[in-house]
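Trainee: I have a model open and want to learn how to read it. Where do I begin?

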Amino acid sequence: MLIQPKRVFGIETTWIREYAKTYLPNEAGFSYSAEHLRQIGLNLIAIRNILRRGHVVYADKLDDPGALWIVEGDDNEDNKYRLTLTVISEILGVSLVKAERVQVEENGDEAA
Amino acid sequence: MKQHDRASARVVPQYEIDTLGTPFKVTLWDCVTLGIDPATGEEKINVPDVVGLINAVVRTRVIHPRKLNGDEFRFVRNALGVKSNVLAKFLDMSPEHLSRCEAGAKVMSTISEKFFRLFAFLATFFPDPEELLIEALDGSAIERKAKKPNEMSKKFTEQFLSMKIQPAFDVNEELHFEFTRESVDSEEVDGPSEDEWKNETKVPFAACG
């Protein structure tokens, strides 16, 4: 059995999952660079899925308002991604800083 | 773009969003904000209520009578966050057949497609659509978990009793849906007044928010 890393950012993970499931009937939005998304071939549907099922693996308070979070998850098609976000929870503001594909190594005999 | 940088941002009157992941054209009116991130100098887009937008797009497509193509099946499934094996089980077909339908190698039967559309429409009112398929929820649980259950029931009945899927259509006629943010009266929703996405496109069925 594979040893899973301990998920220490439970509150952040719950917050981002709820954010990705919830209607926001106000003007708080999601910010991103369209050019960056095009370059790595991601779209908002995939990002929503990554946030909906992903885990926050890193969180740190910024000097500016908000915090920097790193979320890892899959896009519903078994492709793993790592998203770096700035999150201002008070105003439900989330901004994508960087997205990158995570290469998952096959854990089999041939990998040895 | 951070929220406190909004002062330098501008609202775009008409924005054709190509980063949503739709296999058809979607234009957003008077709601997308463009600004420059002072840290990186990159242009950043701010889209309000992404979850609401995705659900509004899914509902608009599944009530449009044009037969869904493979890319559209995959788009709707991913927009709902449902895994293909879970959906295939629900539709009583093999995962391989669903995969071929999504790849465009097979055509889904009209009855399966209608069943899929019914599910997709309902699922947009739930925070976790896959749960609808995995757990066999009874009627009261469905009503309890649904966002805006009254609105859901009303629109569901309105849209699907008269639906006829059109297998034949002009392939040169591109699907194009347009959306804007509108304030919804508290009498229309199950709660206080709020903004939500409204479809502006003229489709043969009633417009849907």
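Mentor: Begin with a buried helix. All counts here come from a predicted model. In α1(B), 14 of the 14 residues are buried, so the helix is largely enclosed by the rest of the structure.

Trainee: What span does helix α1 of chain B reach, and what is expected?

Mentor: Helix α1 covers residues 50-63 of chain B. From its first C-alpha to its last it reaches 20 Å, close to the 20 Å expected at 1.5 Å a residue.

Trainee: Why is α2(B) called largely enclosed?

Mentor: Use the burial count again. A residue is buried if 20 or more other C-beta atoms lie within 10 Å of its own. In α2(B), 8 of the 11 residues pass, so the helix is largely enclosed by the rest of the structure. Among them are F73(B), F75(B), V76(B) and L80(B). The charged-looking names deserve a glance too: R74(B) and R77(B) are also on the buried list.

Trainee: Which elements do the buried residues of α2(B) pack against?

Mentor: In chain B, they pack against α1, α3, α4, α5 (110-123) and α6 (129-134). They also pack against α3 of chain A. Just after α2(B), G81(B) takes a positive phi of about 70°.

Trainee: How many residues of α3 in chain A are buried?

Mentor: Helix α3 spans residues 44-53 of chain A, and 9 of its 10 residues are buried, so it too is largely enclosed by the rest of the structure. The buried set includes L44(A), I47(A), R48(A) and L51(A). Those buried residues pack against α1 (10-19), β3 (67-74) and β4 of chain A. On the partner chain, they pack against α1 and α2 of chain B.

Trainee: That takes me to the interface. How many residues does each chain give to the contact?

Mentor: Chain B gives 29 residues and chain A gives 32. On the side of chain B, the elements that give two or more residues are β3 (43-48), α1, α2 and β5 (194-199). The largest share, 6 residues, comes from β3(B). By class, that side has 10 nonpolar, 8 polar and 11 charged residues.

Trainee: Which strand of chain A pairs with β3(B), and in what sense?

Mentor: Look for bridges that cross from chain to chain. Strand β1 (residues 29-32) of chain A pairs with β3(B) in the antiparallel sense, over 4 bridges. To find the register, pick one pair: S31(A) has N46(B) as its bridge partner.

Trainee: How many bridges join β3(A) to β4(A)?

Mentor: There are 8, and the two strands run antiparallel. W69(A) is bridged to L85(A) there. These strands form a hairpin with 5 residues between them. In the turn, N76(A) has a positive phi of about 85°.

Trainee: And the pairing of β4(A) with β5(A)?

Mentor: That pairing is also antiparallel, over 8 bridges. V87(A) has V94(A) as its bridge partner. Here the hairpin has 4 residues between the strands.

Trainee: Which residue in the hairpin of β4(A) and β5(A) takes a positive phi?

Mentor: L92(A), at about 55°, although it is not a glycine. It counts as partly exposed, with 18 C-beta neighbours inside 10 Å. Chain B offers a second case. D92(B) has a positive phi of about 60° and is not a glycine either. D92(B) sits in the loop between α3 (84-90) and α4 (95-103) of chain B.

Trainee: Is D92(B) buried or exposed?

Mentor: Exposed: D92(B) has 9 C-beta neighbours inside 10 Å.

Trainee: How do I take in chain B as a whole?

Mentor: Count elements, then read their order. Chain B has 8 helices and 5 strands. Along the sequence, the pattern is β-β-β-α-α-α-α-α-α-α-α-β-β. Buried residues make up 33% of its 209 residues.

Trainee: Where in chain B is confidence lowest, and where is it highest?

Mentor: Among its elements, helix α7 (residues 139-145) is lowest, with a mean pLDDT of 64, and helix α2 (residues 70-80) is highest, at 97. The chain mean is 82, and 80% of its residues reach 70 or more. Over residues 202-209 of chain B, pLDDT stays under 50. Where pLDDT is low, the predicted coordinates should not be read in detail.

Trainee: Which scores does the predictor give the complex?

Mentor: An ipTM of 0.86 and a pTM of 0.84.

Note on methods:
Residues numbered from 1 in each chain as written. Chains lettered and ligands numbered in written order. Predicted model: local features only at pLDDT ≥ 70, side-chain atom pairs only at ≥ 80, totals over all residues. Buried ≥ 20, exposed ≤ 12 C-beta atoms within 10 Å, placed from the backbone. Expected span 1.5 Å × (residues − 1). pLDDT = per-residue confidence, 0-100. Contact = placed C-beta atoms within 7 Å. Nonpolar A, V, L, I, M, F, W, Y, C, P; charged D, E, K, R; others polar. Pairing = 2+ DSSP bridges.
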